[in-house]
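Visitor: Please show me the structure, and then let me ask how its labels were reached.

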Amino acid sequence: MTLRLYDTATGEVRDFVPLEEGKAGIYVCGLTVQSEPHVGHVRSAVNFDVLRRWLAATGHDVTFIRNITDIDDKILTKSAEQNRPWYNLAYDMKRELDKAYDALHVLPPTYEPAATGHVPEMVELIELLIERGHAYPAADDSGDVYFDVRSWPAYGELTHQGIDDMEAAEDADPRGKRDPRDFALWKGWKQATEPRTASWRAPWGRGRPGWHIECSAMAGKYLGQAFDIHGGGVDLRFPHHENEQAQSKAAGGAFASYWLHNAWITTSGEKMSKSLGNSLLVPEVLKKVRGIELRYYMVAAHYRSHVEFSFEALADAATAFGRIERFLEKAGGSAEGAPFPEAFAAAMDDDLGTPAAVAAIHDAVRQGNCQVAAGDASGAAATANQVRAMLSVLGLDPADPHWTQDSGTGSADLKGVVDVLIAGLIDQRQAARASKDFAAADAIRDQIAAAGVEIEDTPQGARWTVTGKD
RNA sequence: GGUGGGUUGGCCGAGAGGCGAGGCAACGGACUGCAAAUCCGUCUACACGGGUUCAAAUCCCGUACCCACCUCCA
């Protein structure tokens, strides 16, 4: 069984054949750090995190690059409004983003290049494009440099569009451009309105890079002129990815073999976006559910499906995930070395079919619960190992230290203390039940429940878990 | 105007010609002192109108509605 991926460039599911066997190079467009991340942003990160984990789990040595765009128009505008340096705003937002990724257990990339750290590479790439006749300095004295779309016949191939069918931007300022669709590789420094710190020296005068050239330069630097997978949100297909590909190919590289695009999380039917102001910020959502539950909610839908966000559906997902957690608490098991059930591997290989993969997990949980009920402890533990192996691929193993450490230092000590206290109450309740004083037994159960601890009666006696909910 | 995606049960959400995804909720049963948890069962849906086929949620034609992109965007 080989991994098959839906390549948006060709519009079909294709076998994944890496350029170099056993390795995978992935470039994912990260964020422009101009405001706090919302759940849509982390969905994208989670989707590609799952891709990366599955590739690693199936024996690939993965190089995963996710960039940070830390200079652009919006960052400059916002920082001016807030009366602080642009790099301070970008850095603050970058830290917020890291927190959100961490809360969802999105693994850190192999490397996370920032645009401002790669201006020389971008300048070099632009020079090459000018040499090759695919770019030109603006005819006016703006200091801009544009990509010449008419010089690149394949322009539009990624998104299957003809240049002449594209609407030119209504607000496009044609000054200096040969074609209104030409896009900026370099933006000349506007001395009147922009800080000098946001400009760099270049053969065409001071300025800063355009958005698209950043990714071409950074992908080329860290993954080479040809690499395996390029990912991002669907809205980046055009213009961003189209332009990236045009630049990199015009410069002589093969660029990405596969293009993967994840769909939206919408709210009230519309795309969540900074400009629409309908964003659900990650910390807000995490007040209602744990990070692992939010991640489960995202993974339970296919990455190419639109998800209409609702707190109701999120609560359902949290309940469903609770089933899995309860089973693992009962059955134990370790995370090491369990093989993936065939249904799970087949689902993941089929264009990362996480919904079917989650269904395979639930099937295993049901089987494991039956083993627990039948008193088959070793069978249940073996099933639990499988469940944990599957969950790990999705970044959802509740026993992963990443998820267990966040209850604070000393929680292990605390658990020992609570265990003694609860055990005393459970003994009292058992005594009451033995003497058929059920009113007293139920009173104890209610008392414990009020503290957020749930009692489960089993043939081996009562066991307790902290639900944290009432 | 061009390009891409969608419409599935009470809800979320898979599937892509036959073999009832999965979860949540609800109801019934087993278990339990009663519950909870767990297990078993019930609820047979695919926007609309045609067509192809032994067989269509799936393919074809048409219609309606929704969303995204066309140079800020995960």
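Guide: Two strands count as paired if DSSP finds at least two bridges between them. This is a predicted model, and the terms are applied to its atoms.

Visitor: How do you know that β9 and β10 are paired?

Guide: Strand β9, residues 226-233, is joined to β10 by seven bridges. The cut-off is at least two bridges, so the two strands pair. One of the bridges links Gly232 to His261 in β10, and another links His230 to Trp259 in β10. The two strands run parallel.

Visitor: Which strands make up the sheet with parallel pairing, and in what order?

Guide: Four strands form it, in the order β4-β3-β9-β10, and the sheet is open.

Visitor: What makes β4 and β10 the edge strands?

Guide: Each of them pairs on one side only. β4 covers residues 61-66 and β10 covers 255-262. Between neighbouring strands of this sheet the average turn is 25°, with direction ignored.

Visitor: Which helix packs on this sheet, and which strands does it touch?

Guide: Helix α1, residues 39-57, touches β3 (23-28), β4, β9 and β10. The direction of α1 makes about 165° with that of β4. Angles run from 0 to 180 degrees between N-to-C directions, so α1 and β4 point in nearly opposite directions. Helix α6, residues 237-250, lies across β9 and β10 and runs at about 175° to β10.

Visitor: Why is β10 described as largely enclosed, although it is an edge strand?

Guide: Seven of its eight residues are buried, so the rest of the structure largely encloses β10. The edge label rests on pairing, as β10 pairs on one side only.

Visitor: Why is Val50 called buried?

Guide: Val50 has a relative accessible area of 4%; the limit for buried is under 20%, so the label applies. Val50 is found in helix α1. Apart from neighbours within four places in sequence, Val50 is in contact with Arg295, Val299, Met348, Thr354, Val393 and Leu394. Its C-alpha atom is 9.6 Å from that of Leu107, which lies 57 residues apart along the chain.

Visitor: Is Asp397 buried or exposed?

Guide: Asp397 is buried: its relative accessible area is 3%, and the limit is under 20%. Asp397 is found in the loop between α12 (377-393) and α13 (401-404). The C-alpha atoms of Asp397 and Thr354 are 15 Å apart, with the two positions 43 residues apart in numbering.

Visitor: Which residues have the most contacts inside the largest nonpolar core?

Guide: They are Val39, Phe344, Val387 and Leu394, in a core of 118 residues. The element that gives the most to this core is α1, with nine residues.

Visitor: How do you know that this core draws on two domains?

Guide: At least three of its residues come from each of domain 1 (15-267) and domain 2 (288-404). Val387 has contacts beyond four places in sequence with Ile324, Phe327, Leu328, Ile361, Ala364 and Val365. A second, separate core has seven residues, including Ile422, Ile448, Val453 and Trp464.

Visitor: How many domains does chain A have in the assignment?

Guide: The assignment gives domain 1 (15-267), domain 2 (288-404) and domain 3 (409-466). The centres of domain 1 and domain 3, taken over C-alpha atoms, are 56 Å apart. The C-alpha trace of chain A spans about 95 × 50 × 35 Å along its principal axes.

Visitor: How do you know that β7 and β8 are paired?

Guide: Three bridges join β7, residues 183-188, to β8; at least two are needed, so these strands pair, here in the antiparallel sense. Gly188 has Gly207 in β8 as its bridge partner. Both strands belong to an open sheet with the order β5-β6-β7-β8 and antiparallel pairing. The edge strands of this sheet are β5 (135-137) and β8 (207-209), and the twist averages 20° from one strand to the next.

Visitor: What share of the residues in chain A is buried?

Guide: Of its 470 residues, 50% are buried. The accessible surface comes to about 21800 Å², and carbon and sulfur atoms hold 51% of that. Chain A has 15 helices and 15 strands.

Notes
Residues numbered from 1 in each chain as written. Chains lettered and ligands numbered in written order. Predicted model: local features only at pLDDT ≥ 70, side-chain atom pairs only at ≥ 80, totals over all residues. Heavy atoms only, no water. Contact = heavy atoms within 4.5 Å. Core = buried A, V, L, I, M, F, W, Y, C linked by side-chain atoms within 4.5 Å. Buried < 20%, exposed > 50% of the residue type's maximum accessible area, 1.4 Å probe, protein only. Domains from an automatic or database assignment. Areas by Shrake-Rupley, 256 points an atom, 1.4 Å probe, with all protein chains shown as cover.
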